Amino acid sequence: MKLILLGPPGAGKGTQAKTLEQRFDITQLSTGDMLRKAVADDTSVGRIAKDIMERGDLVPDELVVSIISERISAADCANGFILDGFPRNVSQAQALDKMLAQKDIKLDAVVELEVDDAILIDRIEKRASETEGGPRADDNAEALKQRLAVYHEQTAPLIKYYSERGSLRGVDGMADIDVVAGQIAEVLQALPEV
Ligand code: AMP
């Protein structure tokens, strides 16, 4: 099973990706997690990404595209993967299409976690106050709001991109975590050849 999980920051992509990992024995590929590790390890990639991430902006496309291209071919992805946080804009989506065609990999679905903006902002503010001084440097209210703005400007156009290609499946992301997980599983089981 090869999936993309799409949705704004705070929609619960990471949590759902972890559930899907277990359920389908596939690998979560979170560019955010990989970049945070690069920052923590102070690698050359991490040094480029650090300030950009703290602001809530997107790191350069070439950087994430090459990370994903390498990861997707690794042995632990042979049974499938969930792209969590990638692609983030149309240019990344086009690079992904090219990469998958070259590797002869077919995407099964793009699952969109649909969430209400007002509720999201509320969650974002709560998360920012709960995690102040916490592990994520981009978990302050300002950076979170910037990430939401970036989502609308750059990532939301992917909903149209994938819906035109017939691969988009929407799920109500506002329900309880278990309910959302159940809905995603249902959507995936309804796909042909899964
Ligand atoms: P996330 O954990 O997915 O919310 O990502 C955290 C931060 O990492 C984002 O706000 C971006 O700065 C950066 N990032 C993660 N994935 C990407 C991507 N595909 N393209 C550009 N920047 C990304």
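**Exercise 1. Find where the ligand sits, and which residues surround it.**

Step 1. In this predicted model, the ligand sits in the largest pocket. A pocket here is an open set of points on a 1 Å grid over the protein atoms alone, with protein on both sides within 12 Å along at least five of seven lines; to sit in it, a molecule needs more than half of its atoms within 2 Å of its grid points.

Step 2. The ligand is surrounded by 16 residues, with Thr-31, Asp-57, Gly-85, Arg-88 and Gln-92 the closest. Being near means having a heavy atom within 4 Å.

Step 3. Sort the shell by class: six residues are nonpolar, four polar and six charged. Asp, Glu, Lys and Arg count as charged, while Ala, Val, Leu, Ile, Met, Phe, Trp, Tyr, Cys and Pro are nonpolar and the others, Gly among them, polar.

**Exercise 2. List polar contacts of the ligand, then check its burial.**

Step 1. Look for pairs of N or O atoms within 3.5 Å. A backbone N or O atom of Asp-57 is 2.5 Å from a ligand oxygen.

Step 2. Turn to side chains: an N or O atom of Arg-36 lies 3.0 Å from an oxygen of the ligand, and a polar atom of Arg-147 is 3.1 Å from a ligand oxygen.

Step 3. Alone, the ligand exposes 470 Å², and the protein buries 96% of that (Shrake-Rupley method, 1.4 Å probe).

**Before you start**

Residues are numbered from 1 along each chain as its sequence is written. Local features need pLDDT of at least 70 and side-chain atom pairs 80 or more, while totals for chains, interfaces and linings use all residues; side-chain values use heavy atoms, without hydrogens and water.

How values were computed
A polar contact is a pair of N or O atoms within 3.5 Å; within protein, one must be able to donate a hydrogen and the other to accept it, and residues adjacent in sequence count only if both atoms are side-chain atoms. On a 1 Å grid over the protein atoms alone, a cavity is a set of points where a 1.4 Å probe fits but cannot get out, and a pocket is an open set with protein on both sides within 12 Å along at least five of seven lines; lining residues have an atom within 4 Å of a point.
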